[in-house]
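Me: I am new to this structure and would like a close look at a single part of it. Please set the scene first, then take me through that part residue by residue.

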Amino acid sequence: MNLQMKVSEIAKVINGKILWLKKDKIISSFYTDSRNIKKGDIFWALKGKRFDGNDFVEEAIEKGSSGIITSRKITSDNIKKLDFCILVKDTLFALHKLAAYHIKRCNTKNISITGSNGKTTTKEMIRTVLSTYKPTIYNRGNFNNEYGLPLSVLEAEKKHKFGVFEIGASTIGEVRRLARIIKPDLAVITTIAPEHLEFFKTMRNIFKTETEVIEELKKNGKIIINGDNHYLKRLKKNKNVISFGFSDSNDLIIQFDHTKAIFCFNGKNYSIKLKNHVRHNYLNAAAAFLAGKIMGVEIRNIISSLEKFEGVPLRMQFIKRHNSTIILDAYNANPQSMELALNEISSKGDFGAILGDMKELGKYSEKYHIELAKKILETKPKMLFLVGPEIKPCYDFLKGKIKNVKYYYDTNSALNDVRIAIKKNSNLNFLIKASRSMEFEKFIL
């Protein structure tokens with residue numbers, strides 16, 4: 001973080017009231033975790049879903065914090081120990097305002113990535129493509145929510161020419177609030193599929209939320225969409241939309257020629273072979289190809305960057321074991337991603353599957369886990385382990401219909417049996433997939 005802003009300027013930007021100002025000094029950075037505070041540091045007291053930084057203001061002052069941004073008043077004895085104190089109504093909203101101000105003055109060209117599946121891989125691909133061209137800032141890991149995204153934005157510096165930001169959401173309106181921070185020049189929407197239905201309730205709400213970014217686009221901003229998606233294809237009528245997909249109705253058409261893919265775009269064909277040669281991974285690559293093209297990267301450099309891309313850990317991660325391949329896809333699971341992963345592993349020959357709960361489906365959980373069972377019957381795994389309380393209806397549906405199926409209530413109880421099965425069956429490929437909270441990466445440690 002390199003803010004280089006005076007206290008008075010920060011207060012003005014975030015609509016804060018200066019309660020105490022010993023010196024209007026230049027602020028470079030701040031901390032939101034009181035445990036990391038050292039003498040002279042600035043503490044921004046964020047209120048989260050499970051914590052409230054305002055409860056730790058006194059602790060920060062005791063550790064020697066020189067400045068506080070808070071939504072509560074501080075005792076006169078404590079406030080005089082500080083160089084400054086700014087009071088705001090909502091510290092999270094204030095953080096959003098500061099991030100929006102900061103990224104605007106950095107003058108980056110910003111790309112947002114929203115959608116139900118493939119966001120992180122697409123973000124990393126776009127970041128890889130643009131970084132070979134000009135300095136690029138992006139949000140790391142899972143810093144894609146209302147806390148992580150503004151903190152990522154505040155890492156931007158004047159040297160950065162592009163900003164690539166994944167936007168996650170679990171409530172209606174969240175995408176719009178976060179998109180308002182970066183005001184994207186280009187919005188990528190990967191797909192619309194059942195996700196977080198526990199919170200969104202309906203597919204209509206998911207579509208509405210994931211496309212809220214469009215309302216925050218800069219003037220003349222462009223939108224890249226998966227044109228094969230049932231929900232997104234309705235956006236094709238918009239003049240600023242560019243689509244990609246496998247069907248001929250898209251602007252960029254993905255075809256396959258033996259061991260490589262062909263991107264057909266603007267009357268030309270471009271050959272590309274990803275290291276992670278998975279059919280639906282080319283959808284992510286197509287989005288990155290278009291983003292790079294729009295931002296001025298030469299096509300040969302785009303393709304070179306994508307072909308060198310190593311992938312993202314825990315997301316369709318290919319692991320070679322003896323004569324078999326293990327696909328570890330343990331970061332996220334929803335009905336669409338489960339179906340795509342099963343299609344991929346079954347295309348490689350005989351396989352076993354270790355599948356776990358698809359979380360946050362709410363009242364639709366049983367329905368979608370039974371649909372998963374039907375997909376399993378189609379793909380015919382030679383060995384099947386089902387793990388978790390929510391996948392139990394899938395097991396109940398499959399009992400008597402499929403051989404070699406075992407059920408476990410949690411990951412730890414399945415560990416030993418799964419590890420032994422993978423070790424003994426070196427002739428089988430394996431798919432390991434579940435929602436993140438299931439911690440399925442334990443199976444291959």
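Reply: Start with the whole chain. For 445 residues, a compact globule would have a radius of gyration near 22 Å, and the chain has 24 Å, so the two agree. This is a predicted model. Along the principal axes, the C-alpha atoms fill a box of roughly 75 × 55 × 40 Å. The secondary structure comes to 15 helices and 21 strands.

Next, the inside and the outside. Of the 445 residues, 56% count as buried. The accessible surface is about 20600 Å². Carbon and sulfur atoms hold 48% of that surface. Contacts reach along the sequence too. Among those between residues at least 6 apart, 63% join residues at least 24 apart. As for charge, the chain has 75 positive side chains and 47 negative ones. The centres of the two sets lie 4 Å apart.

Now the close look. Take Asn144 as the starting point. Asn144 sits in a loop, with strand S8 (136-138) on one side and helix H6 (148-153) on the other. Is Asn144 buried or exposed? Its relative accessibility is 14%. The cut-off for buried is under 20%, so Asn144 counts as buried.

What does the side chain of Asn144 meet? There is a polar contact of 2.9 Å between the side chains of Asn144 and Glu166. Glu166 is also on the contact list of Asn144, which leaves aside neighbours within four places in sequence. The rest of that list is Lys119, Asn139, Leu149, Ile167, Gly168 and Leu178.

Follow two of those names, Lys119 and Ile167. Both turn up again in the contacts of Thr114. Thr114 belongs to strand S7, which covers residues 109-114. In sequence, Thr114 and Asn144 are 30 residues apart. In space, their C-alpha atoms are 9.8 Å apart. Lys119 and Ile167 therefore touch both residues, given that contact means heavy atoms within 4.5 Å.

Thr114 is buried, with a relative accessible area of 0%. Leaving aside neighbours within four places in sequence, Thr114 also contacts Val175, Val188, Ile189, Thr190, Glu210 and Val213. With Glu210 there is a polar approach as well. A polar atom of the Thr114 side chain lies 3.0 Å from the backbone oxygen of Glu210.

Go back to the list for Asn144 and pick out Leu178. Leu178 leads to His96, which touches Leu178 too. Where is His96? His96 is in helix H4, residues 91-106. His96 is buried, at a relative accessible area of 9%. Not counting residues up to four places away in sequence, His96 also touches Glu146, Pro150 and Ile181. Pro150 falls within the span of helix H6 (148-153), the helix at one end of the Asn144 loop.

From Thr114, take the other branch, through Ile189. Ile189 is also touched by Ile214. Ile214 lies in the loop between helix H9 (203-210) and strand S11 (222-226). Its relative accessible area is 25%, and the partly exposed range begins where buried, under 20%, stops. Ile214 is therefore partly exposed. Not counting residues up to four places away in sequence, Ile214 touches Ile223 and Leu235 as well as Ile189. Ile223 falls within strand S11 (222-226).

Some pairs elsewhere give a sense of distance. Ile214 and Asn343 are 129 residues apart in sequence and 32 Å apart in space, C-alpha to C-alpha. Ser365 and Asn323 are 42 residues apart in sequence and 36 Å apart in space. Ser365 lies in helix H13, residues 365-379. Ser365 is buried, with a relative accessible area of 9%.

Finally, two loop residues with a positive phi, neither of them glycine. Leu314 has phi near 75 degrees. Leu314 sits between helix H11 (299-308) and strand S16 (317-321). At 16% relative accessibility, Leu314 counts as buried. Asn404 has phi near 55 degrees. Asn404 sits between helix H14 (392-398) and strand S20 (405-408). Asn404 is exposed, with a relative accessible area of 51%.

To trace the part again, begin at Asn144 and its polar contact with Glu166. Step to Thr114 by way of Lys119 or Ile167. Step to His96 by way of Leu178. Then reach Ile214 from Thr114 through Ile189.

Definitions and conventions: Residues numbered from 1 in each chain as written. Predicted model: local features only at pLDDT ≥ 70, side-chain atom pairs only at ≥ 80, totals over all residues. Heavy atoms only, no water. Helix = DSSP H or I, 4+ residues; strand = E, 2+ residues; numbered from the N terminus. Rg over C-alpha atoms; globule rule 2.2 N^0.38 Å. Buried < 20%, exposed > 50% of the residue type's maximum accessible area, 1.4 Å probe, protein only. Areas by Shrake-Rupley, 256 points an atom, 1.4 Å probe, with all protein chains shown as cover. Lys, Arg positive; Asp, Glu negative; His and termini not counted. Charge placed at Lys NZ, Arg CZ, Asp CG, Glu CD. Polar contact = N/O pair within 3.5 Å; in protein donor to acceptor, adjacent residues only side chain to side chain.
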